[in-house]
Amino acid sequence: MSNDQQATVHLGEALAWLRTLETASADAVITDPPYSSGGMLRSDRTGTTKAKYTDSATKSQYVDFSGDNRDQRGWGYWMTLWLSEALRVTKPGGVLVMFCDWRQLPTATDTMQSGGWVWRGLVPWIKPDARPQLGRFTQNAEFVAWGSNGPMPVEGGALPGYYLARAPRANEGRQHITQKPVDVLRSLVQIAPRGGLVIDPFTGSGTTGVACLHEGRRFAGCESVPHHHATALHRLAVARGAAVPDGMQGAFDLEMS
Ligand SMILES: C[S@@+](CC[C@H](N)C(=O)[O-])C[C@H]1O[C@@H](n2cnc3c(N)ncnc32)[C@H](O)[C@@H]1O
């Protein structure tokens, strides 16, 4: 396997996995942790992720994901734990790039800094097809909060300050409830040097890894749900050209029903 085709996903728990990684070995942490958001009531938070994030038309297509039931204080404490460990694993000057939504934005940026990262900015991800709500502002954006492990060298090209992209749709081969657009990740991973190592402790269906393979970055991820781990491995294999595309493998489709 050539250097730019190196991509692995560990099946297990993220904090335990991070603790096994070498100090200062990664160039960037590019990740999408469970938001523990959605809903106004405790019962909303403690429900399944399918109940929170899918509608009746798509619910049966998806498998729940883990880690989305923490209350606000619990989420903040947990974020600081893994963000601290991710800092240790990242080279000085390396970067953290982390998705969050509007509800969790204050805690996400606070905990990034409690974890020792220098907070450097926000990159809005605008979803043009967000559902309008009568008498309300439409909630079109999620956010990419980013920071660095101390001072950053000035190198590489300029990257965008916002993204305009639809979220992957159920009828377009989406395999994870909160799957992110590959094109957005292909741009984000360019914050890491070509051939550099990107890690994603919350790999889900593997979008960060797919982007790394397309963009010539090495990738190591972790996912705790076996179904999503298998999805990520499959998508990485497709991205390497070693497997048939998503949706064309009967056994895989059956597993999702
Ligand atoms: C928001 S999703 C990531 C989706 C991903 N960006 C994609 O495009 O498919 C977060 C993922 O982290 C996983 N997860 C949650 N807590 C975890 C933990 N402690 N260790 C490892 N994985 C975890 C969930 O099962 C879920 O698949």
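Two strands are taken to pair if DSSP finds at least two bridges between them. With that in hand, the strands of this predicted model make a good starting point. Strand β2, residues 26-31, and strand β3 run parallel and are joined by 5 bridges. One of the residues involved is Val29, whose bridge partner in β3 is Leu96.

Strand β3 also pairs with strand β5, which spans residues 141-148; here the two run antiparallel, with 6 bridges between them. Leu96 appears again in this pairing, standing opposite Gly147 of β5. Leu96 thus has Val29 as its bridge partner in β2 and faces Gly147 in β5. As for burial, β3 covers residues 90-100 and is mostly covered, with 9 of its 11 residues buried.

Attention now turns to the ligand. Its surroundings comprise 23 residues, and the closest of these are Ala14, Asp32, Ser205, Thr207 and Glu223. By character, the shell divides into 12 polar, 7 nonpolar and 4 charged residues.

Several polar contacts can be described atom by atom. On the nitrogen side, a ligand nitrogen lies 2.8 Å from an N or O atom in the side chain of Glu13. Ala14 contributes through its backbone, where an N or O atom is found 2.8 Å from a nitrogen atom of the ligand. For Ser205, the side chain places an N or O atom 2.6 Å from a ligand oxygen. Taken on its own, the ligand has 610 Å² of accessible area, and the protein covers 97% of that.

Terms used: Residues are numbered from 1 along each chain as its sequence is written. This is a predicted model: local features need pLDDT of at least 70, side-chain atom pairs count only at pLDDT 80 or more; totals for chains, interfaces and linings use all residues. Side-chain values use heavy atoms; hydrogens and water are left out. A residue is near a molecule or strand if one of its heavy atoms lies within 4 Å of it. A polar contact is a pair of N or O atoms within 3.5 Å; within protein, one must be able to donate a hydrogen and the other to accept it, and residues adjacent in sequence count only if both atoms are side-chain atoms. Accessible areas come from the Shrake-Rupley method with a 1.4 Å probe; for residues, only the protein chains shown count as cover. Ala, Val, Leu, Ile, Met, Phe, Trp, Tyr, Cys and Pro count as nonpolar, Asp, Glu, Lys and Arg as charged, and the others, Gly among them, as polar. Buried means under 20% relative accessible area, exposed over 50%, partly exposed in between (1.4 Å probe, protein chains only). Helices (H or I, at least four residues) and strands (E, at least two) are DSSP runs, numbered from the N terminus.
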